[in-house]
Each structure stands twice: as C-alpha cells, then as structure tokens.
Amino acid sequence: MDLWELVENVVRPLGYEPLEVRLHGAGKTQVLTVRLERLDEAPITVADLQRANRVIGLELDRADPIRGSYRLEVESPGPDRPLITRRHFERFAGLKVKVRTEEGGFTGRVVAVGEDAVTFELAGGERRTLPLGGFKATLAEWPSEPR
C-alpha cells in the first residue's frame with residue numbers, strides 16, 4: 001500500500017479527502033506533507049486538521065511505511081490549492097487557475113467543465129480545452145466566499 005492509499009483509507013471515513021500526500025527531503029529531514037479538504041466542501045478547521053493528524057499519525061506508527069525518522073505535517077489546501085477532480089473545477093468555475101502541462105504553463109479562467117475535460121479562457125479571449133488528468137492546476141485566485 002502506498003502513502004496516498006494509507007492516508008485516504010484513514011481520513012475518508014472521517015469525512016476528509018487527501019489533495020496531496022508527499023514525502024520530501026532526505027535523511028533526517030524527511031517531511032510527510034498531507035493536504036486535506038472536507039468531503040462536505042465546508043472550510044477545513046484547525047480541529048479537523050488536529051483530528052486528521054492524530055489518526056494519520058497512529059496509522060503511520062502501525063504500518064511503519066517510511067524508513068527512518070520524518071515529520072508529519074497535515075495542512076489545509078491553502079492558497080496553492082490543487083485542483084484535481086471534475087468536481088474541484090466545478091466548485092471553482094469562474095476563477096483563475098495556474099495550469100502546467102508537458103508543453104508549458106499558462107494562467108486562465110475556468111469557463112467550462114465537461115465530463116472529461118476543462119476549458120480555460122486565457123488573457124485575450126483565447127480558449128484552451130484540456131483533458132482531466134492531462135495537466136496539473138492550482139488556484140491563482142481565491143474566492144471571496146468559501147466554495
């Protein structure tokens with residue numbers, strides 16, 4: 001079982017979804033960063049993060065999937081919130097996002113979300129449609145109200 005699965009298996013029953021599970025650093029400076037959001041799409045609270053940190057930490061201690069020492073950091077999505085699923089793009093439709101593809105990157109506004117693709121409007125009115133899963137995206141503009 002990989003780290004993503006391990007985290008997802010313990011946080012999903014609590015009402016959370018992992019957006020990022022990343023082990024970085026080397027040797028004694030390894031850090032496991034877990035970014036979560038709530039399945040009900042409400043803003044994540046400090047209490048949510050503490051609860052998730054506790055259960056993730058217990059499962060990591062039980063399964064012991066990481067060699068050596070590490071630090072666990074459980075975070076809210078924050079300003080560089082990754083957009084991964086169709087629902088993420090639907091929630092943040094109308095906002096600007098930073099998009100990275102194998103060919104390069106751009107910033108555009110989410111203008112349409114289909115079953116398997118997202119359409120962005122770039123400065124100057126040009127539109128680009130990309131298949132879900134074929135690019136990485138993060139919010140470039142934060143909504144005024146929680147979404």
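Me: Buried means under 20% relative accessible area, exposed means over 50%, and partly exposed lies in between (1.4 Å probe, protein chains only). This is a predicted model, where local features need pLDDT of at least 70, side-chain atom pairs count only at pLDDT 80 or more, and totals for chains, interfaces and linings use all residues. Residues are numbered from 1 along each chain as its sequence is written, and side-chain values use heavy atoms, with hydrogens and water left out. Is Arg91 buried or exposed?

Reply: Arg91 sits in helix α3, residues 86-91. Helices (H or I, at least four residues) and strands (E, at least two) are DSSP runs, numbered from the N terminus. The relative accessible area of Arg91 is 9%, so it counts as buried.

Me: How far apart in space are Arg91 and Glu41, C-alpha to C-alpha?

Reply: Glu41 is in the loop between β2 and α2. In sequence, Arg91 and Glu41 are 50 residues apart. In space, C-alpha to C-alpha, the distance is 9.1 Å.

Me: What is the phi of Glu41 near?

Reply: Glu41 is partly exposed because its relative accessible area is 24%. Its phi is positive, in a residue other than glycine. The value is near 70°.

Me: Asp64 also has a positive phi. Is Asp64 buried or exposed?

Reply: Asp64 lies in the loop between α2 and β3. Its phi is about 50°, although it is not a glycine. Its relative accessibility is 56%, so Asp64 counts as exposed.

Me: How many aromatic pairs does the structure hold?

Reply: Rings of Phe, Tyr and Trp (its six-membered ring) pair if their centres lie within 6.5 Å; planes under 30 degrees apart are stacked, over 60 edge-to-face, and the rest tilted. On that rule, the count of aromatic pairs is 4.

Me: What angle lies between the planes of Phe106 and Phe120?

Reply: The two rings are 5.6 Å apart, centre to centre. Their pairing is edge-to-face. The angle between the planes is 75°.

Me: Which strands does this pair link?

Reply: Phe106 and Phe120 are 14 residues apart, and their pair links distant parts of the chain. Both residues are buried. Phe106 belongs to residues 104-113 and Phe120 to residues 117-121. Those strands are β6 and β7.

Me: Phe120 pairs with Phe135 too. Where in the chain is Phe135?

Reply: The rings of Phe120 and Phe135 meet edge-to-face, at 5.6 Å centre to centre and 85° between the planes. Phe120 is in β7, and Phe135 is 15 residues from it. Phe135 lies in the loop between β8 (127-131) and β9 (136-139).

Me: What is the relative accessible area of Phe135?

Reply: Phe120 is buried because its relative accessible area is 0%. Phe135 is buried as well, and its value is 11%.

Me: Which residues do ring pairs link into a cluster?

Reply: Ring pairs join four phenylalanines here. The cluster is made of Phe89, Phe106, Phe120 and Phe135.

Me: Which element supplies the largest share of the largest nonpolar core?

Reply: A nonpolar core is a set of buried Ala, Val, Leu, Ile, Met, Phe, Trp, Tyr and Cys residues joined through side-chain atoms within 4.5 Å. The largest has 18 residues, and those with the most contacts inside it are Val11, Leu32, Val34, Leu36, Ile56 and Val74. At least two residues each come from α1 (3-11), β1 (16-24), β2 (31-38), α2 (46-63) and β3 (71-75). The largest share, 5 residues, comes from α1.

Me: How many residues are in the other core, which lies apart from it?

Reply: Its members include Val99, Val110, Phe120 and Leu130. The residue count of this other core is 15.

Me: Which residues does Glu121 touch, not counting those up to four places away in sequence?

Reply: Glu121 lies in strand β7. With a relative accessible area of 31%, it is partly exposed. Contact means heavy atoms within 4.5 Å. Its partners are Gly108, Arg109, Val111, Glu126 and Arg127.
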